[in-house]
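Please open the model in your viewer and keep the selection panel at hand. The stops below are meant to be followed in order, each beginning with something to select.

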Amino acid sequence: MFASQGWSGFAAIILSAFIADPTNIFAPAGTPARSIFSLSMLVLSITAAIFLIVAGILAYVLVRYRARASDGQGEQEPPQIYGSNQIELSWTVIPILIVVMLFLATTRVIYTTEHAQRPANALDVTVVGHQFWWEYRYPQLGVVTANELHVPVSDHAHPLPSYLTMSSADTDHSFWVPRLAGKMDLIPNKVNTMWIDPETKGLYLGQCAQYCGVQHAKMLIRVYADTPQEFTVWVEHQRQPAVDDPTVAVGRDVFMHNACISCHTIRGTVATGRFGPDLTHVGGRETIASGSVPNTPANLREFIDDPANFKPGALMPPMHLDSHDLDAVTAYLTTLK
Amino acid sequence: MATQIPVNEVHDQIAQVPRRLWLEVLHGCVTTVDHKKIGLMYIGYALIFLVIAGFEALLMRIQLAIPNNHFVSPEVFNGLFTMHGTTMVFFVGMPILFGFGNYLIPLMIGARDMAFPRLNAFSFWISAFAGFLLYFSYIGGSGLYGAGSAPDVGWFAYAPLTARVFSPGHSTDYWTLALLLTGIGSIGTALNIVATIICMRCPGMKMSRLPLLPWIYLVMSGLTFVAIGPLTAAQIMLMLDRYVGSHFFDTQAGGSAVLWMHFFWIFGHPEVYILVLPAFAFANEIIPVFSRKAIFGYPAMVAASVGIGFISLSVWAHHMFTVGLGPGGNTFFTLATMIISVPTGIKIFNWLATLWGGKIQFTASMMFAIGFLFQFLIAGLTGIMLSVAPFDWQLGNSYFVVAHFHYVLVGAILFMIFSAFYYWFPKMTGRMLSERLGKWHFWLFVIGFHLTFDLMHVPGLLGMPRRIYTYEADRGWMIWNLLVSSGAIIQTVATLLFVYNMVWSYFKGPIAGPDPWDAWTLEWSTPSPPPSYNFAEIPTVASRRPLWDLKHPEDPDFDYEIEQGSPQQTKKEGA
């Protein structure tokens, strides 16, 4: 594996360090992430100042008070000093003052984030964590989708935050999109909430941040911040039942007569399973396997053949379809735009 | 009453021990109740597990060196980080620190053994058995399924991943039982340490004259009592959930995953201090000796240690800032966590003041102690960042946290353990470690350490969560991970150098004599290695540094302590 990377891979690695990173916590693009960013700058400057002072004293002491050859065989011990109440009091009180200041600044951000005033027009999204994918339900809009979350952009003039109500269907997960907000855990039998308000249109990446089982690493998050118009169009499209294209009837039959329907829903068909992602509009998504690979027919075919090709440990079993059926079902799913 | 230490027979040579068959040596190990032998067995056993768990870390770093690597499978990787964490905390950290405590405490307080020698042996053997049980999972983990598998639920094993539905087979049971058993051993040893320090100090050694190492072990043992209980209770509940059908943590039947987190972390955070306090204890002995000065502010050091002990019991939920505690809980645990930086700061400043005005000798031991000071400062500062709950919403469970706690565990604790080895190895074996190799070890380890753990903060800031067996190529994490992994290789080389140094010095090192460092506490008044009875005649002490008093009759410590302490009481003793 190392060898196959080669020198061009090496150059790419070096370059990548300088390219804007899509999940950098210091590149906030939403209110919660921005208020954490400002607080973190305060904390970083205070800790940096403490570091410079204390490390400076340490360096000075080591140089100034090192044992020297001229000390004369070290026979003479230095003066013994046992302590000083005044000095020790000073380095007790000063840290206490710093702690009080930091604590007050922190409390403010905790309350403004967790006790924020919720606007009446806020969008509600229910997020359900699964081993190893994300289910997104829009209760006000009647939309259900998976792995690719669409929310409207929220600007200062017209705040339109999205409130995420979160829980888990199995083990603990954590929803973390660093540029939008801090993480919040999804815990079974417990409901948590958080909110996001992307400032600019675009794609925001993240991934599950709580170890949830074998394939925790590929439980990726994609948040699409759409303009309000685009978002309305997207919602209208998602509300439609699945496309019923007669040219892929063979693949449709393969899907409906195999175990696929036990786990997946395709609205308007007999497939009503809830264990895996809703596939009603799977063809319209940019990625499959929870963001692991681009949604191309070739990838889709490989995934259906054996999900372990991309996600070892994924709970979907290999389907053992023959080549003809694989082609057919892939063609069918591709039409579900 | 002045210090009276009967001059032990001066040994220029290591006591001539007739060569014994390895079976006799083994028999001696199994049957011994001598605190020194048990201490060394603890240390040896911890070193074996240190190598194993270090190797597990190395495998993980190879896997993570480049994105989408296929060096190990996700199943193997998840087992590796679970075993690495569990082993390092329970089968390296705890036994190595208990080992040093076992060896040193009776010697430093002028006693001939621990209070309960047989309990001591029992505690060691049950902990050792627990370690073997944990690793037996590699053979027996999945029972009838054939090939074994290690526990793969993470070292804090959050519910409900540990439920039978998500963790079939027996690997999680091996993990549960191993922790349960080693907990019994830890309680036994902690009990022994407390009883020894309270009851077996030599004449004249009031609590106010107790060296700081036993003082801090006293605090650490008290924490052990409080912390191990909830862990054991949680393990029993987990077993009941898995095999009797109870629902403590079974979320599908109304149980609570958050309950497990509380149980685990009310153990887990005091545990961090159980591990770091002995490092402070070593620093309190080693930094003064190589600065040639008394520790600065002994009473403040004791108070800070006790303070850290108490405060550490109220900070556990800072591991849970992202589980939805609500603003009230987050605020409380932010404050509690920040407050602990105050006594910790006092310690750092008092160590600096001890160095100030001294004549600092840069031995290998002292170099590791200075490394400890520097790195503990940084670990404390990143700790302050993480105590800020909103900052933790970003940093929690990311590689920043991994870097932070490795800064504590490696940069502070392991550095101080290395320092302790260079300092006390001569006492334990009668031979000096090679200083030259020691300095090579130090510099290589410092370079490897900083390459790995400084840079490991960065992918965390760039959004990389922990416990992922691989990562996407487009996130900008590659270069950092590659450098982090290369540092791990340098640390491995340094550690091998250290092992070589110990083996070589054990057979060929220069003879140490009773007091190679010109030190001041009672263990240096015994021959090296000390005889099984430690002291032919129990010493009497009149100050915190009895050997200083003997070496400097013109300026003994007890003169000073009369001025500072309570004069009446000292007068009564007839100083």
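Begin with B:Phe267, which is buried, its relative accessible area being 0%. Bear in mind throughout that this is a predicted model.

Keep that residue selected and add B:Phe264, which likewise counts as buried, at 0% relative accessibility. Both residues belong to helix α7 of chain B, which spans residues 257-291, and they are three residues apart, about one turn of the helix. If you display the two side chains, you will find the ring centres of B:Phe264 and B:Phe267 5.6 Å apart with the planes at 80°, so the pair is edge-to-face. This is one of the 72 aromatic pairs that the structure holds over all chains.

Next, select B:Phe290, still in helix α7 of chain B, together with B:Trp517, which lies in the loop between α16 (478-508) and α17 (546-551) of chain B. The two rings form an edge-to-face aromatic pair, with 5.2 Å from centre to centre and 75° between the planes. Here the pair links distant parts of the chain, since its members are 227 residues apart. B:Phe290 counts as buried at 0% relative accessibility, and B:Trp517 is buried as well, with a relative accessible area of 10%.

The next two stops show a charged side chain over an aromatic ring. In chain B, select B:Arg467 and B:Phe156: the arginine lies over the face of the phenylalanine, at 4.1 Å from the ring centre. Then move to chain A and select A:Arg118 with A:Tyr163, where the charged end of A:Arg118 sits over the tyrosine ring, 4.8 Å from its centre.

For the last stop, stay in chain A and select A:Cys260 and A:Cys263. Why is A:Cys260 not bonded to the closest cysteine sulfur? The sulfur of A:Cys260 is 8.9 Å from that of A:Cys263, which is the closest cysteine sulfur and is too far for a bond, given that a disulfide requires the two sulfur atoms to be within 2.5 Å. Seen from the other side, A:Cys263 is in no disulfide either, its nearest cysteine sulfur being that of A:Cys260, at 8.9 Å. Over all chains, the count comes to zero disulfides. When you turn on a surface, compare the surroundings of the two cysteines: A:Cys260 counts as buried, at 13% relative accessibility, whereas A:Cys263 is partly exposed, with a relative accessible area of 27%.

Key. Residues are numbered from 1 along each chain as its sequence is written. Chains are lettered from A and ligands numbered from 1 in the order in which they are written. This is a predicted model: local features need pLDDT of at least 70, side-chain atom pairs count only at pLDDT 80 or more; totals for chains, interfaces and linings use all residues. Side-chain values use heavy atoms; hydrogens and water are left out. Buried means under 20% relative accessible area, exposed over 50%, partly exposed in between (1.4 Å probe, protein chains only). Rings of Phe, Tyr and Trp (its six-membered ring) pair if their centres lie within 6.5 Å; planes under 30 degrees apart count as stacked, over 60 as edge-to-face and the rest as tilted. Helices (H or I, at least four residues) and strands (E, at least two) are DSSP runs, numbered from the N terminus. A charge sits over a ring if NZ of Lys or CZ of Arg is within 6 Å of the ring centre and within 35 degrees of the ring normal.
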